[in-house]
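Let's take a walk through this structure and see how some of its helices pack. Have a look at the sequence and the model first.

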Amino acid sequence: MNSNYSLALTLTDILYVVNPTQDDWSKRFQIINDLRSVVETLEILRGATVEPFGSFVSNLFTRWGDLDVSIELPNGSYISSAGKKYKQTLLLDVLKALKRKGGFHGIKYISHARVPILKCDSNKDNISCDISINNLSGQMKSKMLFWINEIDGRFRDLVLIVKEWAKAHGINDPKTGTLNSYSLSLLIIFHFQTCEPAILPPLSEIYQGNMAADLFGVRAVAEKNIEDACSLSINRIKSDKSRRVNRSSLADLFLSFLEKFCDINVRASTQGISPYNGQWEDIDTNMIWQPKTYALFIEDPFEQPMNCARAVGHRNLMKIAQVFQSSYEKLTSPNLTHPLAVLVRPEVLSIMSRSQVPSFVGGINGMNLGPQFQRNPVGSSNVRGGGGGGAHLQLPYRNTGNNNNGGLQAHRGGGVYPRGARAPGQGLQQQPFMYQNMMNPRPLMGSQSQSQSQVQRNTNQRPTTGQSSSQSQQQVHQIWRPRSEK
C-alpha cells in the first residue's frame, strides 16, 4: 500500500475517534452551568457571568480537551478592568466556594501566572477546567480561530491531528516547558500561510491592528467593530476568484508541517514566527521583540508582541525539533510498520482498537507497533474523560431563554459559534440577534470550502471530520438573524 495513502487513511481514523461526540459537548455545557451555580453563591460576584473560551469555543478541542472559562465582572455595558491583585482575591473566593459546593476535585490556585487561574477537575467526568477573571481577550482570540477555520476546514482537522501527535511525544505541555495548544494552532496557521500556494493569508489581512488593545469602552461596540472587520475581510478572501487554490491532502499538509519545523531550533536562534505578517522575522531588526530573552518566539497575532511560546526553554526546544524531525523521517520511511506508531498515545490506540473505526476493524490487532504502544486492557484507558470512541455526532444546540448552554451553539460539520459572535461573511443589522439554523446554505462562489468539497469528491476520500457521507451532505450551518425590535 502506498505510504501516503496509508497515512491519509490513518489520519481520517484518528479524527473519527478524537472528534467530540454529542455527549462530550453536553458534559462541558453542564460544567459551565455548575460553575455558574458556584459563582452565584458569592455576593462579591453578583452580576458576574461565566463565559467559556479556548478550544471549546474555537471548536479545536478533542474529546479529552480541557475547558477554559472566564468570570466576567459586571461593569454596566462597559468592558470591566480589574488589577491582578483583585483577580487573585476573587479567585481565592471562588476556590472556597468550589470546596463548599462540591462537584470538583484537584483544585489548585495558580497565582504566579501572567493570568491568574484556578485549576480543577469535575468529579463526574474528570474534565479539567481553568478558571480566570475578565479574560475577554481570550474569548475574542477563540472566536478568531473559529473564524479562520471558515476560510479552510483543513485547519481544524490538522489542529486535532497535531494536538494528538504532540501529546504522544510529550511536547504539548507548557508546565513542562514545551508548547501549549495555542502555540501549536499558530504554528499550523503559519504553515498554511507559507505553503505554496498559500492556504491562509497573513492575519493582518483579516484584522489590521492589535485586537487585544482594541477591547475597551462599550463591550458590545468593541466586539462588533472587531467582528465586522473580520467579517468583511474573510468574506473578501473567500470570494476572491483570483486566489490560487491549494489542493494538498491532509496527509501532505501534515508531512510538510513536520518537515517545515525540523530545524525550528536553528531558525529560532535568530528569527521569530509572525502569523500576523505570515513570515519568519529577524529578531534583531524587530524592535518590539527585543531584547531576545526566549528560546522560541511565536508572536500572538492578536496581542502583539506577546510571545505564546515563552514557556519553552532551550533544552526543550531541541527536543521539540527532534520530535519534528524523527516523526517526519519515520512517516516517510519505506520501513514504517504503521503510521499509528508515530501519531497517537497508547491510550488513544487502545480506544481505536475497540472502536468501530472503519479501516481498523479487525486490522489493528496484531500490528507490531513497538513496546511503547502495548494496548491497555479494555476499560483501562488513562485518557482524561475517556470512553469508547465513536463518530463525530454533530450537535444542533439551540440558544434557549435560560441560556443553559452558555451562549454557544454547535452545528453539524464541526463548529461552535461563541456568545455574541457570528459567522464572518454573514452580514447583520445592528439589532439584538437570535440563533437560527439553516440547512445546506449555498457556499460563496469561488470559496475555499467549495473547492475543498470538489477536491474531496475528486479524490474519493472519506470525510475527515468523522462524519458519515449522509451527514456530510446535510451540513447544518448557523446564522444570526436579527430579532425584531418591539
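Here is a short tour of two helix contacts and the nonpolar cores.

This is a predicted model, where local features need pLDDT of at least 70, side-chain atom pairs count only at pLDDT 80 or more, and totals for chains, interfaces and linings use all residues. Residues are numbered from 1 along each chain as its sequence is written, and side-chain values use heavy atoms, leaving out hydrogens and water.

Helix 9 takes part in both contacts below (helices are DSSP runs of H or I, at least four residues, numbered from the N terminus; axes are lines fitted to C-alpha atoms over the stretch in contact, with angles from 0 to 180 degrees between N-to-C directions).

| Pair | Axis distance | Angle |
|---|---|---|
| Helix 7 (residues 181-193) and helix 9 (residues 250-260) | within 10 Å | roughly 100° |
| Helix 9 and helix 11 (residues 314-331) | 8 Å | about 140° |

Helix 7 and helix 9 are therefore roughly perpendicular, a word used for 65 to 115 degrees. Their contact (heavy atoms within 4.5 Å) involves Leu187, Ile188, His191 and Phe192 of helix 7, plus Leu253, Ser256, Phe257 and Lys260 of helix 9.

On helix 11, Phe324, Ser327, Tyr328 and Leu331 meet Phe254, Leu255, Phe257, Leu258 and Glu259 of helix 9.

Phe254 also shows up in the largest nonpolar core, which has 83 residues; Trp165 and Phe254 have the most contacts inside this core. Such a core is a set of buried Ala, Val, Leu, Ile, Met, Phe, Trp, Tyr and Cys residues joined through side-chain atoms within 4.5 Å, with buried meaning under 20% relative accessible area (1.4 Å probe, protein chains only). Among the residues Phe254 touches are Leu11, Trp165 and Leu343. A second, separate core of 32 residues includes Ile31, Leu73, Leu90 and Ile131.

How values were computed:
Helix = DSSP H or I, 4+ residues; strand = E, 2+ residues; numbered from the N terminus. Parallel < 35°, antiparallel > 145°, perpendicular 65-115°, else oblique. Buried < 20%, exposed > 50% of the residue type's maximum accessible area, 1.4 Å probe, protein only. Lists of a residue's contacts leave out its neighbours within four places in sequence.
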